[in-house]
Structures are given as structure tokens and as C-alpha cells.
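Q: Could you take me through one part of this model up close, with the cut-offs spelled out as you go? I'd like to see how two packed helices sit against each other, then hear about the backbone oddities elsewhere.

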Amino acid sequence: MAKILIVDDDEDFVTAVALVLKKNNFEVSTAHSLEEGMEKFETSHPDLVLLDVIMEQPDDGFVMAQTLKKRSSSVPILMLTNIGQVTGMDFGKDEELAPVDDFIQKPIMPSKLLEKINLLLKK
Amino acid sequence: MPIIDRQKINQEIEKLKFKFGADRSALLPMLQDLQEKYGYLPDIILQETAHALGIHPVEVEGVASFYSFFRTKERQGKYVIRLCQTISCDLAGKTNTARQLENELGIKFGDTTRDHLFTLAYTNCLGMCDQGPALLINDRLFSRVTPDKVSQIIADCRRDFLKSEFPEVVPSDIKKTGPILDNKIEAVEPLKKALSISRSEIIGVIRDSGLKGRGGAGFPTAIKWQLAGAAKGDKKYVVCNADEGEPGTFKDRMLLYEKTGLLLDGMTIGAYAIGASKGFIYLRSEYLYMRKYLEKALDKRRNQNLLGNNILQKEGFNFDIEIRMGVGAYVCGEETALIESLEGYRGEPRNRPPFPVDTGFQGNPTIVNNIETFITAALIVGKDSDWFKKLGTEKSRGTKILSVSGDCERPGIYELPFGITITKLLKEVGGENAKAVQIGGASGQCIARKDFEHTIAYEDIGTGGSVIIFGPDRDMLQVAENFLEFFVEESCGQCTPCRLGNPKLLEGIKLLKQGKCSVAYLNELKKLGETIQLASKCGLGQSSPNAFISIIENFGSEILGRIPQEEF
């Protein structure tokens, strides 16, 4: 059973996504901030991280992704963005500043999320 | 009126298209050059420029009429004398200088002499607040222009400034230095260091330092750079906001001149960090005299491979900087208005989101930072973040460069750590007798004596650098009137609360001065001010009634004294 860490400050979103993932036989751990996310990463040893960009600070997601990269983590990161919803920002892959494997836009279709997760886990 | 040859104009416009490009962003520099040549922008020039750039003449007319330094109705004189009318120059006696200028030239403000030699105009803040009254003649700045100096200056103009005793560049008056102004680090060293580490490490050092934007809003610099760096976009831009227009602020003028190398280092480091290849310095028109100096500095850097392709042998790092001139609009200090202006539009703030870090210049990711922010960022990258973190408060790290003017013994530029109380600041500058201090310029707050233990810090009283001191004899209603006149003139007019609300507040002040404003009406005005704060579109509009409200709240006894007795 693959383990997924969800890091997002939106508690309702985390609950809903966790429900979908558990129903599809994933083991889920959750965190609501950058600090908690790093702690849970160390303790839960996830196979994939589902990471939000904006938490307490607007770039917390990027900071966490960069920190994981510096630690030579090979765990894939699927980054959650909310294009046009709050910030209107559209991010792209950047090996240094946005070292993530893929992006997914909120609001998320469960089928699309599962598709992306399975694809990244296969890699 | 001289006849303007259409064919000749078109030939000139073609040359300008070659110089500035043929897209909309070339509009402002083209109009600036044409005005310089013809003395004003008559319809024929506006129409032909519109035709050449493929835009509607009404659009061009809209742009030309927006900016105060463009003149569309009448040919201006060979010498355009612009006298600063903002608060610090007002306190320094600008009214007497204005009368002397009118007497000397025999014209009123707003008029041009019959021989088309002189035009008299008022302008807002020239960045000489500690050396007022100040005036600008074309691109030449004059400080401490007391009435007795007027005839000499006029005589100098008539002699085309040959053998003028006035300096070409007025020196800044630096009163107290700190780690930024005192630093001995050579420009270029920070850039060399930046290019030896990764982009994420550069942003990491800045994040660790806690550097926040020095323009006043205090947005964390590292977050801005990170978001722009991660934003999707083939083209990214770095913009230096050198549109220091907040009344009472003059430290950027000094930094532009004294710390040019570090500023250009900071911009280049920012470009490397976010992946930009083009930068702009948006220089306010009042600082036109500095353009040649900055162009020379840019050329020197190009020759040293500090700008251009593969900078310092860093393969693939290409970056260059262009200077774009403002045209006299305070609102262009707001970053989205500045971008609009850079693109050749009226300087009207945009809605957010989207933010410039994602959708900035021509729809591309753009960072807009203040001069002081770029310099400080360069120093942090060049040394480390420890020296910076040791100074200031937890939420406002480092030092702030303050422009101090008004009623004190030692006006000038001071570098002081964040967290200093107003009492200590006043002691430092010799203004202990002050009855009020305006922190943050016209859009800031007027602090009364009872609040002098408050600190200058983002979490307490934030400022972009302006500190104006009012002595015990100053009429605070006069102060409020000056600030509101400023906003009435400088409102971009885009949103109703700011455009119509501020003239209403100003009208109220005039009624108060005549003793014709009731307590009930004064309360209504205060509520109107609060509505402007809530409902205006941009930060400048939202802060426009701040001074009015704080003066009404803090100096009610002075204000109420003018209300007719029967109202009580």
C-alpha cells in the first residue's frame, strides 16, 4: 500500500482528499503547515507528497520542495495550485525554484488526481 | 504659433520607432522626445504618433493628458520652472518664493511669458524636502530657493546657465550612516558571489535575512522573487521603482547617486534569481538630471561584462537594463500603475489578482522592488544575513534609511535600525519640540506627541522613509489641507471613492478654516474618509485620507476651535 503525505493548510480540503485516497487503498498522513509537513515527512516516510503552494506564507510549498530536494529526496512531489481562484498565479517546473514532479489545479477531480498519483508512483 | 510640418514629424517619429521600438511601450518615451523638441504636444503630433504605433488617437490623447509633465494645449517656455508645492517646501516658505517668481517674470503660475522663454508651474515633491524650497528648471534642480535667490536664477536662465554659481547636482545631506551607507563592500562583489551559488540559495539567504520591501508596504522580498521565479513564463522582468514621489522622501535620490553599483548589482542578482533577461529603472521625471549619470554607469557595466550576454562568464545568463522616464504622476509609484506606465498606458493601478509576479510587464512575471530593497538585497547576498538579522526587530529586520524634513535642527538622511521610537528619532534630529510627526509621507499617519513612544517598524508604524516634523506653532489644518490638495491633484481618477471623496474632504477643510463646518458635518467627513480607505481600488487611494483622519483625531481641539460657537 503506497503512502501519501498531504500538506495543505485548508483542513476541509485535506479531509476530503484523504477520504478519496483512503477509499482507493492509499495510506494517508496529513499536515497543515510547512513545519508539520517536514516533521511528518521524516516520520511517515511517504512514497509521494501532495503539496500545496500557499500556506502560512505564499511560498511555503516551494520552500518545502526545495528543502526536500536539498536532502536528496527522490520522493515525487505533486504540487497543488489554484490558478485563477485566489492568486491567479500559474506556476511551471523549475529545477531549482519549483523542484516538483507535476502540478495539479484546484478544484481537483478525484479521477484526475488518482491518475496523476498513479503515474508518478509508477515512475 | 509656429507651423509644424507633418512630413517632418513623421520622419522624426520613424527615427524614434527605431530608437524605442514600434510597440505600445514606446509611446511615453516617444512623446517625451517630441515634447522636448517642439515644446508641447499639439494634436498633429498625437495623431501622427498614434498612426505610427497603430493605436487610436484618443488613446494617445488619453495618455498625454494623464501625465502632468506632458503639455498638450500650449507651447511651453524654453525654461519650465516647476516649484515644489508639497508640504516640506511649504513649511520652508515656498509661498514667498512663488510670489517672487511671479513678480520677476510678470506672469502667474500656469502661464508662459510672451517671449516663450519661461513657463511657471507648480509640481509635487522634487525630493529636496530637507533643502526646500526647491524648484526644477527643465532638468536642473535648485535647492533652498529663498526669494532673494530668484532674480539670480532667472538671470542665469537668460544666460543659458553659463557661469552659473549653482551646482549641477545638488549634494545630499547624509546625517547618520549605518551598515548600508557605511559598507565598504565593492559593487560587483555581491554579484560575483551570487553567480557562484544557486538561485534557490540566493533566495534562501534573502529569506533567512527577513528582508521586507523598503518602499513601504513591507512585502517579504524572498517571497516575491520566489513566486516570480516559479511562475510560468518565457520572459521575465526586473523593475526598479525609482519613482520616489511620496512627499518628504528623498533618500532614493541619494541612493541612486551614491550607491549606483550596488543597486545595479541588486537588480542583476534579482534577474539571475528569477530568470529574467531584461530590467527597467523607472526613473521619475523630476530626476531627469540623473539619467545621463545612470546611462554612463550602465555603459560601464556593459563594458565590464556585468550586463549583456553571459554575464561574468556565466553561460546563458543574459541581462540588460533600460532606463524609462516617468512623466510626473505620483500614482506610478504603485507597482501596477508603474507597469501600466511602462507599457505606454495611463498610470492607473490594476486589479489584483493577478499579481505582477505572475502577470506583470506585458503579461509576464515581473518583480518590482524599491531602490533601497535592491541595494540591501545585494549587501545581504554579498556578505551574509547575520549582520542584517542582528539589527531591528523580529518582524522588521535591519535598518531603514529615513528622509527627515520639517521643523528640526538637523534635517537630512538618517540610517537607523527599525524599532526606534519616535522620541529617540526626534532627539537624534533635534526635533524634540515637535507637536506632530508625519510618518510615511502624505499617505502615512500623523502621529501626535502622546504616541511618540511608538516605534518605526512594519508591525507598528511603517514607512517608506518619509519623516516630516511639525513644530509647536504649525497649523495642523493647514497641513491636512496641503496633503489633501496633493491627493486631489494626484488621484489617477480611476475609482470613485478616491476621485470624488478627496475633493469633498478638501472642501470640508476649507469650510473648517472659515469656521463654517459643523460638528455633524465633520463627523460625516470622517466617515467619508473611512469609506475611501475601504472602497478605493489601490493602496494609494486607500491611504489617501489617512493624514486627514489622524489629524482630525489627534488635533481635534485645534480643529474644533474653528467651528462656530452656536454648534456646541
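**A helix pair in chain B**

A: Let's start with helix α8 (residues 189-196) of chain B and helix α15 (residues 371-382) of chain B: their axes come within 8 Å and cross at roughly 60 degrees. Axes here are lines fitted to C-alpha atoms, for helices over the stretch in contact, with angles running from 0 to 180 degrees between N-to-C directions. Helices are DSSP runs of H or I with at least four residues, strands are runs of E with at least two, and both are numbered from the N terminus. That crossing angle makes α8(B) oblique to α15(B) (under 35 degrees counts as roughly parallel, over 145 as roughly antiparallel, 65 to 115 as roughly perpendicular, and the rest as oblique).

Before going on: this is a predicted model, where local features need pLDDT of at least 70 and side-chain atom pairs count only at pLDDT 80 or more, while totals for chains, interfaces and linings use all residues. Residues are numbered from 1 along each chain as its sequence is written, and chains are lettered from A and ligands numbered from 1 in the order in which they are written.

Which residues do the touching? From α8(B) come Glu189(B), Pro190(B), Lys193(B) and Ala194(B), and they meet Ala378(B), Leu379(B), Val381(B) and Gly382(B) of α15(B). Contact means that C-beta atoms, placed from the backbone, lie within 7 Å. Sorted by class, this patch has five nonpolar, one polar and two charged residues (nonpolar is Ala, Val, Leu, Ile, Met, Phe, Trp, Tyr, Cys and Pro; charged is Asp, Glu, Lys and Arg; the others, Gly among them, are polar).

Now the backbone oddities in chain B. Gly132(B) and Pro133(B) are joined by a cis peptide bond, with omega at about -5 degrees, and Pro133(B) sits in the loop between β2 (118-123) and β3 (135-137). Asn305(B) isn't a glycine, yet has a positive phi of about 60 degrees; look for it in the loop between α13 (291-303) and β8 (320-325) of chain B. Gln313(B), also in the loop between α13 and β8, has a positive phi of about 65 degrees, again without being a glycine.

How exposed are they? Asn305(B) has 13 C-beta neighbours inside 10 Å, so it counts as partly exposed, while Gln313(B) has 8 and counts as exposed (20 or more other C-beta atoms within 10 Å is buried, 12 or fewer exposed, in between partly exposed, with C-beta atoms placed from the backbone).

Key:
Contact = placed C-beta atoms within 7 Å.
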